[in-house]
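Biologist: I'm new to reading models, so please give me a close look at how the strands pair up. Then carry on to how the helices pack.

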Amino acid sequence: MTLRRFVFFGLLSALFITLWCTGHRVCLWAVIVMSSVLLMAALNILYSFFALSFRQYVTPQSVLRGERSRLCLEFKNASFLPFCHIRATYITLDEDGSPSEDVAWITPNPLGTSKLEIPVDCPYRGEYLVGVEYIRLFDVFGLLSLSVRVAHREGAARPCLLVFPRVTRLSGSDRFFNLERARSENILARQGEPDSIVNIREYRQGDLVKLVHWKLSARKRTMLVREYDNLSQINNVLLLDLRDTGLDPRLSRPVEEMMCECAASITRQALDRMRPIRMIGYTRRGKLDMEGRVPGAFQAFHSILAKVAFDGSFSPEGILSNEFGRGYTGTMTIITRSLSGALSSKALELASRRVSVLVVLVEDSADAPLRDAAEMNRIELASIRIVTVRPGQNLTFSLGGAL
């Protein structure tokens with residue numbers, strides 16, 4: 001197309017010079033014809049610019065990591081006149097999750113719509129802007145061009161693609177329900193009568209019989225239980241290590257993906273069992289602290305795990321010291337990259353207070369450190385469960401009594 005422009009405008013310039021010097025009639029007609037073509041090209045560009053109808057979207061708008069979405073581009077020509085050629089420069093995702101730029105050519109037919117579907121692979125979780133920001137219009141003769149920014153037009157803004165971490169159905173045991181039941185019984189035995197009622201809800205497996213609201217249950221013809229202030233605190237905590245390792249993203253990202261998948265799977269397991277759960281972590285932007293009590297709350301957890309950045313500076317042992325004092329009882333799940341000596345000591349301290357501790361280690365096999373045998377024996381004697389998961393490995397571990 002560049003060569004076509006060079007030849008056309010070079011010939012037109014030569015004809016102008018010849019006509020100026022000789023005044024030959026053939027040169028005059030040739031200049032008139034070529035100028036008419038140039039005028040039609042300009043009109044075609046201007047008409048296409050004002051008549052252009054463009055829409056772009058992704059379907060589905062959210063997928064799990066490893067799945068594929070589609071970027072759809074629609075160009076509509078509502079008139080019977082020929083439309084210009086359109087070169088759309090669009091952005092999708094590369095195999096490493098970075099933006100990848102490519103080009104597509106479209107020529108809408110008169111009274112028709114041209115639709116282009118582009119597959120978008122989603123190798124990593126995150127929130128991505130894909131699609132077309134600018135298009136370039138070329139007239140039907142290929143002589144003139146015009147760049148147009150389409151993002152400001154209605155329905156033409158670049159769509160957002162949300163990639164969630166994958167979720168695996170983990171095996172577990174009913175001991176989790178017994179832990180929550182035992183915690184409620186201990187509070188009632190230690191404090192006597194519970195505090196004021198904060199909520200009345202339907203009966204769940206593991207609830208104490210003494211908490212059933214019998215009169216209201218008989219009136220509503222369904223089992224209802226009372227929730228009290230001193231029994232409503234969530235004592236099932238998931239601590240996600242969001243520290244920035246400073247490593248190359250190509251090395252650290254698979255580990256981060258697996259950590260988020262572990263967190264999503266454990267959260268889903270707890271909420272599906274109607275067990276309240278709290279997820280906590282620290283990023284550069286501040287504290288990440290979420291609570292959920294019913295299965296419907298998992299969507300909020302899943303969205304946060306899709307967008308969360310591993311750029312924090314707080315260590316897991318530091319968070320445990322600041323957030324959970326000696327009065328904490330319940331379950332604690334820690335998802336981290338490495339089991340340091342300070343974290344081991346903190347886990348042993350929690351276990352000594354009868355806290356059920358599960359440590360999920362997500363580490364690269366090439367960088368897996370050797371652990372002290374004596375320290376591992378102390379951890380094993382304290383009934384602290386340690387599960388090691390590697391990037392690319394299927395999550396098949398059992399939650400046991402931790403969740």
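Modeller: Two strands pair if DSSP finds at least two bridges between them. Strands (E, at least two residues) and helices (H or I, at least four) are DSSP runs, numbered from the N terminus. This is a predicted model, where local features need pLDDT of at least 70 and side-chain atom pairs count only at pLDDT 80 or more, while totals for chains, interfaces and linings use all residues. Residues are numbered from 1 along each chain as its sequence is written, and side-chain values use heavy atoms, leaving out hydrogens and water.

Let's start with strand β4, residues 85-93. β4 pairs with β8 (residues 131-138) in the antiparallel sense, over 7 bridges. Look for Y90 in β4: its bridge partner in β8 is V132. β4 also pairs with β5 (residues 99-106), again antiparallel, over 8 bridges. Here T89 stands opposite V103 of β5. β4 and β5 make a hairpin with 5 residues between them, and G97 in that turn has a positive phi of about 85°.

Next comes an open sheet of 3 strands, in the order β1-β3-β6 with antiparallel pairing. At its edges are β1 (53-59) and β6 (112-121), each pairing on one side only. From one strand to the next, the twist averages 15°; axes are lines fitted to C-alpha atoms, for helices over the stretch in contact, and angles run from 0 to 180 degrees between N-to-C directions. Between β1 and β3 (residues 68-77) you can find 7 bridges, in the antiparallel sense. One to look up is S53, whose bridge partner in β3 is K76.

Now for an open sheet with 6 strands. Its order is β15-β14-β13-β16-β17-β18, and the pairing is mixed. β15 (286-292) and β18 (385-389) are the edge strands, each with a single partner strand, so one side of each has no neighbour in the sheet. Ignoring direction, neighbouring strands here are turned by 15° against each other on average. Go to the β18 edge: strand β17 (residues 356-362) runs parallel to β18, and 5 bridges join the two. L358, for instance, has R385 in β18 as its bridge partner.

That sheet has a helix lying across some of its strands. Helix α7 (residues 316-323) crosses β13 (236-240), β14 (277-283), β15 and β16 (331-336), running at about 120° to β14. α7 also packs with helix α8 (residues 341-352): their axes come within 8 Å and cross at roughly 35°. On the α7 side the residues are P316, E317, L320 and S321, and they meet A342, L343, K346 and L350 of α8 (contact means heavy atoms within 4.5 Å). By class, that contact has 5 nonpolar, 1 polar and 2 charged residues. Ala, Val, Leu, Ile, Met, Phe, Trp, Tyr, Cys and Pro count as nonpolar, Asp, Glu, Lys and Arg as charged, and the others, Gly among them, as polar.

Now turn to helices α5 (residues 249-272) and α6 (residues 298-307), which pack at an angle of about 175° with their axes 10 Å apart. α5 and α6 are therefore roughly antiparallel to each other (under 35 degrees is roughly parallel, over 145 roughly antiparallel, 65 to 115 roughly perpendicular, and the rest oblique). From α5, the contact uses C260, A263, A264, T267, R268 and L271, and from α6 it uses F298, F301, H302 and L305. These residues divide into 7 nonpolar, 2 polar and 1 charged.

Back towards the start of the chain, you meet another helix pair. The axes of α1 (residues 2-22) and α2 (residues 25-51) come within 9 Å and cross at roughly 145°. F8, F9, L11, L12, L15, F16, T18 and L19 of α1 meet C27, L28, A30, V31, M34, S35, V37 and L38 of α2. That contact has 14 nonpolar residues, 2 polar ones and no charged ones.

One last thing is confidence: pLDDT is the predictor's confidence in each residue, from 0 to 100. The protein chain has a mean pLDDT of 80, with 82% of its residues at 70 or more. Among its elements, strand β10 (residues 160-164) has the highest mean, 94, and helix α3 (residues 175-191) the lowest, 47. Over residues 173-182 the pLDDT is below 50, and this stretch has 23 contacts in the model beyond near neighbours in sequence. Residues 187-193 also stay under 50, with 8 contacts beyond four places in sequence. Where pLDDT is low, the predicted coordinates should not be read in detail.
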